[in-house]
Amino acid sequence: MSRGNIFLAELLWSVIAFLVIYPLSILVLESFKIAGTSSWGIKNYLGFFQDTYYLKTFGNTLLLSLLVLMTTTLFGVPLAYILARYRHWGKTVFTALILLPIVLPAYAGVFAFVIFFGKYGTVNLLLMDTGLIEKPINFIYGLHGLVFIQSLHMLPFIVLGLSAGFTTIDPSFEEAAEVEGASGFWRFLTVTLPLCTPSYLAGAVIVFLWPFTDWLTPLILGQVDFLPSVSYINIAYHFTDMHRKYMGIVAVVVSSIVCISIFLLARWWVERRKYTGLSKGTTSEGRVIEPSGLVKVSAYLYMFFIAGLVLLIPIVLGLAAFSRRWVLEPFPTYWTLENFKLILLESPLLIQNSFVFSGIALVFGIAFGLPAAYLIVRTRVPGKDALDFVITLMLAFPGIAVGVSYLLAFWNTIPLARHWIIMPLALFARRLPYFLRMAHSSYLQLDISLEEASEVSGVGKVRTFFNISLPLLLKGVLVGVVMFFIMAFQEISTAIFLYRGGWETLPIGIYLNWHRGMEFGIAAAMAFLMIVITFILLLIISRISGGVLKAAWGPGGT
Amino acid sequence: MRKRIVATTIFAVLSMVVLMTFAAEAQAKDKVGWVGPVYKELSQSLNKGFKAYYKKTYGKDVDITFVRPGGWPVCVDKIRAWGGKPDADIFLGAGAPAHEILKGEGFLVPYRPKDWDKIPAEWHGMKVKDKDDYWTCFAPWIVTNLYNEKILQRLRLPPPKTWNDLLNPIYRGNIVHTLPYASGTMHETLEILLQAFGEKEAWAYLRSLAAQLARFSTGSTDTTQLVARGEIPIGVAQPQMNAMAARKDGYPVRDLLPEKTILVPEAVALLKGAPNEATGKIFLDWLFSMEGQKYVLEGRYFAARTDIKFSVWEKEGFEMATHAKKALGVDSFWDLDVGFIEYDLPLATKRWDDVNRYYEYEIYRKWSELKSSLSLIEEVEGEVKAAKAQEKDVTKAEAKIKEARKLFETDGKYAEARLAATEARALPAAAGLPTGLIIAIVIALLISVVAVVIALRRRPG
């Protein structure tokens, strides 16, 4: 254990302390302040759990989480099974399509569905024109709409986890069950599914946490009585009503606590039980079945249905982006490039900001993530597991919590938030786990003997890293880099609290254009532009890593 | 060796941060910052116009930043939060109460722009500029409601003409407005109702109106957007020029001037402690010049100077002047004749925060309770009426249901009102309509109990 490694660990810890622990503890401290006095206490928390309004919001959010989890599971289990087990045509295409929402910004989906399923959206207009219905059906405004939109956005997490599970289970378990006489559905329920618990839980946690994080979807649908939306409104609309502000912060802290506890609970649950088989020689493909005709047809129909819903997002946004005044008509009639002209001529700043901020965040990410991965995988520095843990925990923190805590922590005492560098810093802190994970797993795959050989031959550690490790790591790191960039590029929850005039990014531009004016086409065009950029980046990763599934989820399945 | 890795990393990161900082700060230009609730079209138009003017007059570029944290109340709160060290120079937009509050709290400095005398001092009782020069109106408008004519035709509904028309049950679920803390126009609407109808009646009205809503929008622009796209056909509390702007964009939106309304003097002021005060003053002078006023109209707000004639601008080939003339029906904004109320500005300024909070806590947060309470009251009222038509004695039930309505409208006690309505329904004379429902529920319960028992019996072990 060398001094250099310890020094590196100290350095990384100080970055974490400054960018994660310090702001988040300020956030927690702030939630104990009592409005109108300089005293502290748990009054805000008591108020939160006594106020029927906040309690109702909390209950609503929990209910939404449960419903979204149920829906995604219900639709995800068959889908994952089809994708993992059935031999069928177009596997890659379907997988890519179904996984697409992971990289699409959530708000893009909402806008598309509002256009398509709105009261006078395409579906309702078509139904009314054909005379099937008299009055428009309310497809999306309400709890059901929220469940639908959020479920579609979160479905890939369940599918990915489960299909990885279905693929990697040792086939001998199922064969044993078959031999014992359990067949078909029963075997699936009692053997296959329980074996997939860990990989299912990995996705299910992320799904369950989403309604505690997503403030924008409820806001756009006009259903604001959910925890993240209420805290957004309390904090972003009331700058001097201190009680309101503290209650908003309490709501953020409460949802963070819920998120972290559930995250830890799932982790503990998976680790408590052992799910490994004895045999090592499983095929990489897993069990693949040739289904019967009828099953195959319904499997295709099912996949087409889900993939179609996902595809609606880019298609509808594309239609809206290339048209103007698309109102009260099932399909646009007035085609134009004006929206793009407006974006490129009048606000190229947004695109520039998005690229600059995400780019700088990426540089920070690499400068931090590579040494961190190295420490965690290759050394025995004390506290490296804690480092890993803290960084992974960032996945569970709602974006609002990060944004608000940065605003509180870096305004007066350390006036970092007055400079635009806060934007890439916040993006870096929030999206770090994505890069670290990728770098981490590529390090794991890199055989240490190669590095040792180099060092034995008398080459120093630094040169070994640049000449031996880095080229070998490059593939995984590049995927991590692009993934990090995509996630930083579409981040809005944190940025919306930190941006000031002139620092707007594309996602903020989409939000503002949608919310504050009739510039609907421009918002759609911006969202479409983001989808195109994301798609190009995705193509790049799939080239690098040879598969979209791997690209989106990293090597190693879960 | 190892130290070098660390040193290189640190150096790389630090030097990059420093470089980026320098790159950003290198070209220092003349700057001016605006904060305010004006719409994007206006800020963009003024941005274009002022930049061109600055270049022409001073031979330099000017850097303009504009932040719109939200509606007026949000902007006022933002300026309060800056605590005298503003992040902008100009408070651009918002009506008289917002400016009066900021003036009273000492966040403004007086400045009299050139051509100040071209703005009227007062109009139908509403202050249009401050006599101490703290704020001046640059774009007046009137509080209106909007509707989407195509959707209303489709639904076979007539446009609602008066405030009371909006309470007609045929419009239920087809109306949208926002919250007073999110939008100054909504706040002014509350003031109009409070001052025109009296406090008690106004709150009763607002409770009933809330039951008519499809939902609350997140801001007045959100309301316009929903009406323009037809999602919800009627939008309450909207700036008058939104209809003009939407029509210019090709949406079938019309405005309704309700019988009682006010003028909103969208005004501008110089902030105390402004970092670029000198440029701010140049901007104010320009804004009230004929050229600046044209950019106001180009930004889809009505221009404020009294010496403006739309027909003159129209002859110069200025397209927006035609739209404005068509939207207003007169040649200058100040020729309008509308049913204005006598607006008590000091009172409105004083209770600004209280009104917003009362609405939010008593109506918005209890919205679902409010709706279910009112629907029960309406149901029972119908039953009582039906019983009366059958010549039953309903005096007791009638008294009770009246009490329920009073509890609902005047006191805002939704749960108590519900209780009173239930009691009224239970009074003997009122017909026993829900018996069918009760029988159905009992049967359903019985069946499920039997099912559960059977299921439990069948279970092995």
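**Close-up views of a predicted model**

**View 1. Helices α20 and α21 of chain A cross at roughly 150°.** In this predicted model, the axis of helix α20 of chain A, which covers residues 448-456, and the axis of helix α21 of chain A, which covers residues 461-489, come within 10 Å of each other. Because angles over 145 degrees count as roughly antiparallel, α20(A) is described as roughly antiparallel to α21(A). The crossing of α20(A) and α21(A) is right-handed. On the side of α20(A), the contact is made by L450(A), E451(A), S454(A) and E455(A), while α21(A) contributes K461(A), T464(A), I468(A), S469(A) and L472(A). Sorted by character, the residues of this contact between α20(A) and α21(A) comprise 3 nonpolar, 3 polar and 3 charged.

**View 2. T197(A) lies in helix α10 of chain A.** This helix covers residues 197-213. T197(A) counts as partly exposed, because 17 C-beta neighbours lie inside 10 Å, whereas 20 or more would be needed for a residue to be buried. Although T197(A) and W269(A) are 72 residues apart in sequence, their C-alpha atoms are 9.5 Å apart in space.

**View 3. Chain B contains 19 helices and 12 strands.** The C-alpha atoms of chain B fill a box of roughly 85 × 80 × 40 Å along the principal axes, and the radius of gyration of chain B is 29 Å, where a compact globule of 461 residues would have one near 23 Å. Of the 461 residues of chain B, 46% count as buried. Among contacts in chain B between residues at least 6 apart in sequence, 76% link residues that are at least 24 apart.

Key. Residues are numbered from 1 along each chain as its sequence is written. Chains are lettered from A and ligands numbered from 1 in the order in which they are written. This is a predicted model: local features need pLDDT of at least 70, side-chain atom pairs count only at pLDDT 80 or more; totals for chains, interfaces and linings use all residues. Axes are lines fitted to C-alpha atoms, for helices over the stretch in contact, and angles run from 0 to 180 degrees between N-to-C directions. Helices (H or I, at least four residues) and strands (E, at least two) are DSSP runs, numbered from the N terminus. Angles under 35 degrees count as roughly parallel, over 145 as roughly antiparallel, 65 to 115 as roughly perpendicular and the rest as oblique. A crossing is left-handed if the near helix is turned anticlockwise from the far one by less than a right angle, and right-handed if clockwise. Two residues are in contact if their C-beta atoms, placed from the backbone, lie within 7 Å. Ala, Val, Leu, Ile, Met, Phe, Trp, Tyr, Cys and Pro count as nonpolar, Asp, Glu, Lys and Arg as charged, and the others, Gly among them, as polar. A residue is buried if 20 or more other C-beta atoms lie within 10 Å of its own, exposed if 12 or fewer, and partly exposed in between; C-beta atoms are placed from the backbone. The radius of gyration is taken over C-alpha atoms; the globule rule is 2.2 Å times the number of residues to the power 0.38.
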